[in-house]
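Q: Got a minute to go through this one with me? I'd like to start with an odd backbone spot and then work outwards.

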Amino acid sequence: MSIWEYANPVKFIRTTDKVLPYISVGAAVALVGGLIWGFFFTPDDFRQGSTVKIIYIHVPAALMAINAWFMMLVASLIWLIRRHHVSALAAKAAAPVGVTMTLIALFTGALWGQPMWGTWWAWDPRLTSFLILFLFYLGYMALWAAIEDSDAAADLTSVLCIVGSVFAVLSRYAVNFWNQGLHQGASLSLDKETNVDDVFYQPLLLSIAGFVLLFLALVLLRTRTEIRARRIKALLARERIFD
Amino acid sequence: MIAILIRDLRLAVRAGGGFGLGLAFFLIVTVLVPFGVGPNSEILKTIAPGILWVGSLLACLLSLDRIFALDYEDGSLDLLATAPVPLEGVVIMKALAHWVTTGLPLVLAAPILGILLNLESSAYVWMLASLAVGTPALSVIGAFGAALTVGLKRGGLLLSLLVLPLYVPTLIFGAEAVKRGADGADAGLPMMMLAGITLACAALLPFAAAAAIRINLR
Amino acid sequence: MPDLGKYAETVLSSYAISLVLLAGLVCLSIWQGAKARRQLTQIEERRKSDG
């Protein structure tokens, strides 16, 4: 029994059939729980007032936006090295989820920035990096959409994902160098010097868990869709040949 | 490999090769900017480094799809791929040819356009240097983008969408070097970063581009 | 409903936008999934009946 068994599409669909309901329910419970806890049962921050409640969406979405790209990178590498179709399709399935998370992080950030910094948008390193990440997602999805042959599309998008990752990291440092920011440092880190207070921390963790599960559920669901779409395409092609 | 370079240069200079098109585009963009932001020479002075860099970046973008598309259509890319020369070498030669026909004229024209934008006199050296060091990176990155989209019927727009985000670090360090030069500050650090990006791109991206071409020719 | 003070609009609109985007993504994914599944069963049955 190894993890590579799930590279078999039939096995993948059969397993996710069983797992997906649990993950979806878990995602819904954690997400709704975390957001309700955060929205209704936490105090206001003494400086930021009630806007601190945005953190329960903003931080998890931003986290998932980056991790979705990272997951796509890993899946692309697996596809290029081991040629498992499920892996390539999982990368394709994750991109729209990642782009939505990026948009949420950008929108909530802009709304939060308006009262706090007095501006919707500042060319701050973190904000700018997310905008660039958004462009990378767009390019990646556009390339998937543009190529007809599915194996070539998987190969080329994987190459783009790898090169793009290098440039995304490079852009992050370049942007840091280019402008000092308004955005505060990391809100979550293992050394708890500058972290947010416990009152905000616990619902935030629950909300993050919700976002992670939601991402997982969506990626699994969309990968199943992609597998089926691939099979439909193959069957139709076979019909055309034999008729 | 030298033969490929010479062949590409000849094809570009010949009628219909698009040589000079990028240069004309660069000129037009720089002339249009003052119409957009007004003739105030102080404002132009502050934004000149950025305009010159963005202008040359867009001019570079214009001719990218020609790097491989024509060879792909008439089948000579297949021949090049099966030739005893490594495909990575072909890529780097084609990127070099693109730079000589597009990047180099931009570098040489930039000082003249700098006058139009009232660029600070201390910045000219830095602008020439940063463009000379930075534009090869634009060509190599562009060659990678062109390799990704070579099999597509209408890849031009997609190519811009793929390549422009990849240009961000080059643009930031390049424009920063000119800006620091204009302020009289030390521009050595961004220049070194820029040179690092160019060298790393030239060393690594041909492998990715060659892989993309092989996939497209499959 | 907690008292959101003067930032009520900000907080509510960011929750609204985020939830709309998430809901849209979830619905789109489910719809696409259902469509693919339906098409696939249709094609497979047709192939079965054709022999």
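**Loops, contacts and a bent helix**

A: Sure. Let's begin with A:Arg83, which lies in the loop between helix 2 and helix 3 of chain A. Keep in mind that this is a predicted model.

Q: What's the phi of A:Arg83?

A: Phi of A:Arg83 is near 55°, so a positive value in a residue that isn't glycine.

Q: And is A:Arg83 buried, exposed or partly exposed?

A: Partly exposed, because A:Arg83 has 13 other C-beta atoms within 10 Å, and the exposed class stops at 12 or fewer.

Q: Which residue of chain B has a positive phi without being glycine?

A: B:Asn118 is one, with phi near 60°. B:Asn118 sits in the loop between helix 6 (87-116) and helix 7 of chain B.

Q: How many C-beta neighbours does B:Asn118 have inside 10 Å?

A: There are 17, so B:Asn118 counts as partly exposed. Buried would take 20 or more.

Q: OK, switching to chain contacts. Which chains share the most contacts?

A: Chains A and C do, out of the 2 pairs of chains in contact. On that interface, 30 residues of chain A meet 23 residues of chain C. On the chain A side, helix 2 (55-82), helix 3 (85-117) and helix 6 (198-242) each supply at least two residues.

Q: Which of those gives the largest share?

A: Helix 3 of chain A, with 11 residues on the side that touches chain C. By class, that side of chain A has 17 nonpolar, 7 polar and 6 charged residues.

Q: How about chain B against chain A, how many residues does each bring?

A: Chain B puts in 19 residues and chain A puts in 21. On the chain B side, helix 7 (124-148), helix 8 (156-166), helix 9 (168-183) and helix 10 give two or more residues each. The chain B residues there divide into 16 nonpolar, 1 polar and 2 charged.

Q: And how far apart are the closest C-alpha atoms of chain B and chain C?

A: They lie 23 Å apart, and no contact joins those two chains.

Q: Let's stay on chain B. What's its secondary structure?

A: 10 helices and 0 strands. Its radius of gyration is 18 Å, close to the 17 Å the globule rule gives for 218 residues, so chain B is as compact as a globular protein of that length. Its C-alpha atoms fill a box of roughly 55 × 35 × 30 Å along the principal axes.

Q: How much of chain B is buried?

A: Buried residues make up 52% of its 218 residues. As for contacts in chain B between residues at least 6 apart in sequence, 81% join residues at least 24 apart.

Q: Where does UniProt put the "transmembrane region" feature in chain B?

A: The unreviewed UniProt entry places that feature at residues 12-37, 43-64, 96-117, 123-150, 157-175 and 187-213. In the model, residues 123-150 of chain B are 89% helix and 0% strand, with end C-alpha atoms 38 Å apart. Residues 157-175 of chain B come out at 95% helix and 0% strand, and their end C-alpha atoms are 25 Å apart.

Q: Last one: where does helix 10 of chain B bend?

A: At B:Leu205, by about 35°, and a proline, B:Pro206, follows within four residues.

Q: What span should helix 10 of chain B have, and what are its end C-alpha atoms at?

A: At 1.5 Å a residue, its 30 residues (188-217) should span 44 Å, and the end C-alpha atoms are 43 Å apart, which agrees.

Definitions and conventions:
Residues numbered from 1 in each chain as written. Chains lettered and ligands numbered in written order. Predicted model: local features only at pLDDT ≥ 70, side-chain atom pairs only at ≥ 80, totals over all residues. Expected span 1.5 Å × (residues − 1). Bend = angle between axes of the 7 residues up to and from the residue. Contact = placed C-beta atoms within 7 Å. UniProt positions renumbered as here; feature names shortened; annotations may be inferred. Nonpolar A, V, L, I, M, F, W, Y, C, P; charged D, E, K, R; others polar. Rg over C-alpha atoms; globule rule 2.2 N^0.38 Å.
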